[in-house]
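Biologist: I am new to this protein. Please take me through it, and give the reason behind each label.

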Amino acid sequence: MAYQSLRLEYLQIPPVSRAYTTACVLTTAAVQLELITPFQLYFNPELIFKHFQIWRLITNFLFFGPVGFNFLFNMIFLYRYCRMLEEGSFRGRTADFVFMFLFGGFLMTLFGLFVSLVFLGQAFTIMLVYVWSRRNPYVRMNFFGLLNFQAPFLPWVLMGFSLLLGNSIIVDLLGIAVGHIYFFLEDVFPNQPGGIRILKTPSIFPRINCFFKEPWFL
């Protein structure tokens, strides 16, 4: 019964959030079990473009470090805000959600060529948090029972918390920057006088909706 309940709860998670969160957990589990090492996963332009280790373009978004506080903290925020976006402003728009993933990942990869970042998963999480927070500006937030603020301040609060923990804020700034670019191009610029919608999901992408509805995927 417990297994069936967990399985049912798991399958109720929207497909993109389920797939990405599961991939992150399985990648971390594989590292913990020493089936693979972080050295096989990290972002390295030379290994990618000269040695054709193309998988690094994806795996660097899937590893958040060894199991511990930092990993759990990132997983909670990734799961929560990825799911709320998919069930909220992207409800019924799976193709658009996947396109946002690809657009954000592409920009972060470009920026990653110029900054010394080997794993971009945390930046990707901050991007999701930023987009959700800007689309829900009137939601009141509470951070560990200490701070009360409006949703748009959440990415900056997380950056401050990261700074208190002694982590580099470059990752957070990258996530905020990419999130802002996406939000501006998708939500702000098209509504300006003379503005147009620059980010258009390619026509082939709507087929993704059918892919995620296939029973075998569940």
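**Surface, fold and two loop residues**

Modeller: The protein exposes about 12,400 Å², and 68% of that area comes from carbon and sulfur atoms. The model is a predicted one.

Biologist: Which elements does the protein have, and how many of each?

Modeller: There are 10 helices and 2 strands. Counted from the N terminus, the order is α-α-α-α-α-α-α-β-β-α-α-α.

Biologist: What makes the protein as compact as a globular protein of that length?

Modeller: The globule rule gives 17 Å for 218 residues, and the radius of gyration is 18 Å, close to that value, so the protein counts as compact in this sense. Its C-alpha atoms fill a box of roughly 55 × 45 × 45 Å along the principal axes. Of the 218 residues, 44% are buried.

Biologist: Why is E34 called exposed or buried?

Modeller: Exposed means over 50% relative accessible area. E34 has 70%, so E34 is exposed. This residue sits in the loop between helix 2 (15-32) and helix 3 (45-49).

Biologist: What is said of the phi of E34?

Modeller: E34 has a positive phi of about 60° although it is not a glycine. Most residues other than glycine have a negative phi.

Biologist: How do you know whether F52 is buried or exposed?

Modeller: The relative accessible area of F52 is 61%, and the cut-off for exposed is over 50%, so F52 is exposed. F52 lies in the loop between helix 3 and helix 4 (56-59). F52, not a glycine, has a positive phi of about 60°.

Notes:
Residues are numbered from 1 along each chain as its sequence is written. This is a predicted model: local features need pLDDT of at least 70, side-chain atom pairs count only at pLDDT 80 or more; totals for chains, interfaces and linings use all residues. Side-chain values use heavy atoms; hydrogens and water are left out. Helices (H or I, at least four residues) and strands (E, at least two) are DSSP runs, numbered from the N terminus. The radius of gyration is taken over C-alpha atoms; the globule rule is 2.2 Å times the number of residues to the power 0.38. Buried means under 20% relative accessible area, exposed over 50%, partly exposed in between (1.4 Å probe, protein chains only). Accessible areas come from the Shrake-Rupley method with a 1.4 Å probe; for residues, only the protein chains shown count as cover.
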